[in-house]
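User: I've got a two-chain model open and would like a close look at one part of it. Could you start there and then work outwards?

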Amino acid sequence: MIGERSLVLVLLELALLVLLGPLVTGTIQKLKARLQSRQGAGLLQPYRDLAKLFRKGTVQADTTSGFFRSIPVLVLAATMAAGALVPVIRAGPPAVPLGDALMLLGLLALARFLTSVGALDAGGAFGGMGASREMTIAPLVEPVLMMVVFSAAVVAGTTELGALAAHRGTSWILGWHAADFLGFAAMLVLLPAETGRIPVDNPDTHLELTMLHEGMLLEHSGPGLGCMVLASHTRQIVTLGLVSALFFPAAVAGAGAVSLLLGAGAFAVKILVLAVYLALVESSYAKLRLFRVPLYLGIGFVCALTALALRIL
Amino acid sequence: MSAETVQTVIDNLGALLLFTMILIVAAGQIYRAIYAVAAQSFLIAVAGGVLATATGNVDLWVIAGITLTVKAIVLPWVLHWVVRRMNVRREIEPVIPDAATLALAVVVVVLSFHLSASLGPVRQAITGNALPVGISLTLSGVLVMATRKTALTQMVGLFASENGIFFTAMAVTQGMPLIIEIGVILDVILAALVMAIMVLRVRSTVDADIADLEELRG
């Protein structure tokens, strides 16, 4: 396999993902505010929040172990490593072997695991509650994500995301097979769960008992909380990038600066479309009761399973 | 249109039909089930249009038009009207848990694909995945009818089941005689009207539901 994306390009894409992550959150929040007839904070508010958090000092509970301090850094590192596997500007396998889609899902799962361990370590009731719920939801989401990846990978014969994207080519809408529709439907069902949004989780509050992800961040403060927040921004854009790599990649050929800019622009448009989708879903649905969540995710599971069945049978 | 294009389009429509069926099976509110079944009938009409263009069969155009007006617009509207008249919000009331119904639906879909794969030469003669998709729609519709207590949801199941039969018939025969299709449509309309009137009457005179009828003693 010939590498088509040099290491420099991969690093550039990674930097782009991490830098644009907060902007996606800002866009979704702004859209939600407009849909609720509010003015809302500016698009750059997440950046300001991050800057504020990184300037602050750290306070932590007496009960925490030494491991607690390193958790935010580890979570951020795992999420960023997952980001390196997503083809952003150009499709095609990277020049250096980095890992495939399963590695990406594994890294995201690792980040999730570390977050829960941190929440349990602090010993707070809310953290423990959030962690236990996150661990209830995660096993329902991850296998379905894997099945969606498999249903795309069966055709391409590889699980490497760049190669998958390249296999689909630029004329993706014409080349969509029946299974792709179902896989994409499954992905649309799972996206709110994976990015921690309504109807599965509520990202705006950590005061309700319904919270999942926000509850686990309660014990963190200062730069540590900044790392955790940045990691969740990155996780969101990585998930959106995974969807676009699987279902509508831009395989712009050629090396020049123009094609790179074109690829970056196409990526921005795709992420924007998915962000609008998330904002619409968040504004038009209520948060589900925790016991209803498995059924909701079950729709995604059935869609993914049917997609896989269509591919294999 | 070439045969391959038609096959791809029918395959894609089949996937979307399966998706609407999953939505119907998983719907927690009757409104969503009605919208999903309307979308399903719309897709069937589109499939009819595609097959009509491919085969040049004028009857198929007529059938697609009737499907669009009757099954995608009028019947969902009637259901909607009945739901509003009865003033009920969440009346899906499954007999077995929703998750179990979904699991059964998966079994139905996978089995129908598996079984039609074993048909061999018969399968080859049919456009794309129309046969397994049609079978799974029909059986899932029956599943919905069997696992819901209220008459309205059972009606949705009946429509979905009927859609499945219609889709298979269109794809297998490249257009049945017009008179048969119209007869089938009339049957469905009649069934819908009878059920709608009966549901309203039963509700207004004795305030009972279909499930309560089991406790009747002769």
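What share of the 218 residues in chain B is buried? Take me through that chain, and then through whatever it touches.

Analyst: Sure. One thing up front: this is a predicted model, so read everything below as computed from the prediction. For chain B, 44% of the 218 residues are buried.

As for what chain B is built from, the secondary structure comes to eight helices and zero strands, so along the sequence you read α-α-α-α-α-α-α-α. The radius of gyration is 18 Å, close to the 17 Å that the globule rule gives for 218 residues, so chain B is as compact as a globular protein of that length. Along the principal axes, the C-alpha trace of chain B spans about 55 × 35 × 30 Å. Contacts tell you how the sequence folds back on itself: among those in chain B with a separation of 6 or more, 75% come from residues 24 or more positions apart.

One helix worth clicking on is α6(B), residues 130-147. With 18 residues at 1.5 Å each, α6(B) should span 26 Å, and the end C-alpha atoms are 25 Å apart, which agrees. α6(B) is also mostly covered, with 15 of its 18 residues buried.

Now to the partner. Where the chains meet, 17 residues of chain A are in contact with 20 residues of chain B. On the chain A side, the elements giving two or more residues are α8 (178-194) and α12 (293-312). Of these, α12(A) gives the most, with 10 residues. By class, that side of chain A has 15 nonpolar, two polar and no charged residues.

The core picture goes with this. In soluble globular proteins, nonpolar side chains tend to be buried together. Here the largest nonpolar core has 153 residues, and those with the most contacts inside it are Leu182(A), Ala186(A), Cys303(A), Ile22(B) and Ile24(B). Both chains appear in that list. To see how one of these residues is packed, pick Ala186(A): leaving aside neighbours within four places in sequence, Ala186(A) is in contact with Val144(A), Val148(A), Gly300(A), Cys303(A), Ala304(A) and Ala307(A).

Stay on α12(A) for a moment, because Tyr296(A) sits in that helix and, with 19 C-beta neighbours inside 10 Å, counts as partly exposed. The cut-off for buried is 20 or more. Not counting residues up to four places away in sequence, Tyr296(A) touches Pro199(A) and Leu288(A). For a distance to check in your viewer, the C-alpha atoms of Tyr296(A) and Thr239(A), 57 residues apart along the chain, are separated by 19 Å.

Pro199(A) deserves its own look. This proline lies in the loop between α8 and α9 (213-216) of chain A, and the peptide bond leading into it from Ile198(A) is cis, with omega near 10°. Most residues other than glycine have a negative phi, and most peptide bonds are trans. The phi half of that has an exception here too: Ser37(A) has a positive phi of about 60° although it is not a glycine. Ser37(A) is in the loop between α1 (7-35) and α2 (45-55) of chain A, and is exposed, with 7 other C-beta atoms within 10 Å.

Back to helices, this time α5(A), residues 125-156. At 1.5 Å a residue, its 32 residues should span 46 Å, and the end C-alpha atoms are 46 Å apart, which agrees. There is still a kink in α5(A), about 30° at Ala138(A), shortly before the proline Pro139(A). Following α5(A) comes Gly157(A), whose phi is positive, near 75°.

Finally, chain A as a whole. Its secondary structure comes to 12 helices and zero strands. A compact globule of 313 residues would have a radius of gyration near 20 Å, and chain A has 19 Å, which agrees. Taken along the principal axes, the C-alpha atoms of chain A fill a box of roughly 55 × 40 × 40 Å. Of its 313 residues, 51% count as buried. Residues 24 or more positions apart account for 81% of the chain A contacts with a separation of 6 or more.

Methods. Residues are numbered from 1 along each chain as its sequence is written. Chains are lettered from A and ligands numbered from 1 in the order in which they are written. This is a predicted model: local features need pLDDT of at least 70, side-chain atom pairs count only at pLDDT 80 or more; totals for chains, interfaces and linings use all residues. Helices (H or I, at least four residues) and strands (E, at least two) are DSSP runs, numbered from the N terminus. The radius of gyration is taken over C-alpha atoms; the globule rule is 2.2 Å times the number of residues to the power 0.38. A residue is buried if 20 or more other C-beta atoms lie within 10 Å of its own, exposed if 12 or fewer, and partly exposed in between; C-beta atoms are placed from the backbone. Two residues are in contact if their C-beta atoms, placed from the backbone, lie within 7 Å. A nonpolar core is a set of buried Ala, Val, Leu, Ile, Met, Phe, Trp, Tyr and Cys residues joined through C-beta atoms within 7 Å. Ala, Val, Leu, Ile, Met, Phe, Trp, Tyr, Cys and Pro count as nonpolar, Asp, Glu, Lys and Arg as charged, and the others, Gly among them, as polar. The expected span of a helix is 1.5 Å times one less than its number of residues. The bend at a residue is the angle between axes fitted to the seven residues ending there and the seven starting there.
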